[in-house]
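The following exercises concern the reading of strands, turns and burial in a protein chain. Please examine the sequence and the structure, attempt each task, and then compare your reasoning with the solution.

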Amino acid sequence: QVQLVESGGGLVQPGGSLRLSCVASGSIFNIQSMGWYRQAPGKEREVVAISSTDNTDYADSVRGRFTISRDNTKNTVYLQMRSLKPEDTAAYFCSMSILSRLGTGFVNYWGQGTQVTVSS
């Protein structure tokens, strides 16, 4: 089985920074894309940033403030968030497209989420 666990969320003042981490564990053979999503109360889940094998992409609302990075040796994806705004407040989820050692194809796995609150 494969599990994703996020960490690094918390309360931060506007203009502050946070770094989120997401580690995948289990019977992993290969990981293609890694990404971060967020969901604010009463809103749909939206993509924040995606890292594929040869490209990264960001939502317009975070481009220039957030940076996604990955360490394939550790099955980990990070999201460095700077210049945080109150509208960035949401539960942040990581997702990875993973081929397990027992599987026959890539499957999208999700973490349980970590809360980010931007408030003074």
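**Exercise 1.** Determine how many bridges join β5 to strand β6, and in which sense the two strands run.

*Solution.*
Step 1. In this predicted model, strand β6 comprises residues 56-58, and 3 bridges join β5 to β6.
Step 2. The two strands run antiparallel. A pair of facing residues can be named: I50 stands opposite D57 in β6.
Step 3. The connection is a hairpin, with 4 residues between β5 and β6.

**Exercise 2.** Describe the pairing of β4 with β5, and identify the residue of their hairpin that takes a positive phi.

*Solution.*
Step 1. Locate the strands: β4 covers residues 28-39 and β5 covers residues 46-51.
Step 2. Their pairing is antiparallel and extends over 5 bridges. Within this pair, Y37 is placed opposite V47 in β5.
Step 3. The hairpin has 6 residues between the strands, and G42 has a positive phi near 80 degrees.

**Exercise 3.** Analyse the hairpin of β7 and β8, and explain what is notable about N75 in its turn.

*Solution.*
Step 1. Strand β7 spans residues 66-71 and strand β8 spans residues 76-81; 6 bridges join these antiparallel strands.
Step 2. D71 is found opposite T76 in β8, and the hairpin has 4 residues between its strands.
Step 3. Recall a general rule: most residues other than glycine have a negative phi.
Step 4. N75 is not a glycine, yet its phi is positive, at about 55 degrees. N75 lies in the loop between β7 and β8.
Step 5. The relative accessible area of N75 is 22%. Buried means under 20% and exposed means over 50%, so N75, at 22%, is classed as partly exposed.

**Exercise 4.** Carry out the corresponding analysis for S83: state the sign of its phi, its place in the chain and its degree of exposure.

*Solution.*
Step 1. S83 is a residue other than glycine, and its phi has a positive value near 50 degrees.
Step 2. S83 belongs to the loop between β8 and β9.
Step 3. Its relative accessibility is 42%, and therefore S83 counts as partly exposed.

**Exercise 5.** Establish which strands pair with β9, and to what extent β9 is covered.

*Solution.*
Step 1. Strand β9 runs through residues 90-100, and 11 of its 11 residues are buried.
Step 2. With β4, strand β9 shares 9 bridges in an antiparallel arrangement. Here I31 stands opposite I98 in β9.
Step 3. With β10, residues 107-110, strand β9 pairs in the antiparallel sense over 4 bridges. In this pairing I98 faces V107 in β10 as its opposite residue. Thus I98 appears in two pairings, opposite I31 and opposite V107.
Step 4. β9 and β10 form a hairpin, with 6 residues between them.
Step 5. With β11, residues 114-118, strand β9 pairs over 3 bridges, also in the antiparallel sense. A90 stands opposite V116 in β11.

**Exercise 6.** Decide whether L4 is buried or exposed, and list residues that L4 touches.

*Solution.*
Step 1. L4 is located in strand β1, which covers residues 2-7.
Step 2. The relative accessibility of L4 is 6%, so L4 counts as buried.
Step 3. Leaving aside residues up to four places away in sequence, L4 touches several residues, among them C22, A24, C94, M96, I98, Y109 and W110.
Step 4. For L79, the separation along the chain from L4 is 75 residues, and the C-alpha atoms of L4 and L79 are 15 Å apart.

**Exercise 7.** Characterise the chain as a whole: its elements, its compactness, its burial, its contacts and its charges.

*Solution.*
Step 1. Count the elements: the chain has 0 helices and 11 strands.
Step 2. The radius of gyration is 14 Å, close to the 14 Å that the globule rule gives for 120 residues, so the chain is as compact as a globular protein of that length.
Step 3. The C-alpha trace spans about 45 × 25 × 25 Å along its principal axes.
Step 4. Of the 120 residues, 43% count as buried. The accessible surface is about 6500 Å², and 47% of this surface belongs to carbon and sulfur atoms.
Step 5. Consider contacts with a separation of 6 or more: residues 24 or more positions apart account for 58% of them.
Step 6. The chain carries 11 positive and 9 negative charges, and their mean positions are 6 Å apart.

Conventions: Residues numbered from 1 in each chain as written. Predicted model: local features only at pLDDT ≥ 70, side-chain atom pairs only at ≥ 80, totals over all residues. Heavy atoms only, no water. Rg over C-alpha atoms; globule rule 2.2 N^0.38 Å. Buried < 20%, exposed > 50% of the residue type's maximum accessible area, 1.4 Å probe, protein only. Contact = heavy atoms within 4.5 Å. Areas by Shrake-Rupley, 256 points an atom, 1.4 Å probe, with all protein chains shown as cover. Lys, Arg positive; Asp, Glu negative; His and termini not counted. Charge placed at Lys NZ, Arg CZ, Asp CG, Glu CD. Pairing = 2+ DSSP bridges.
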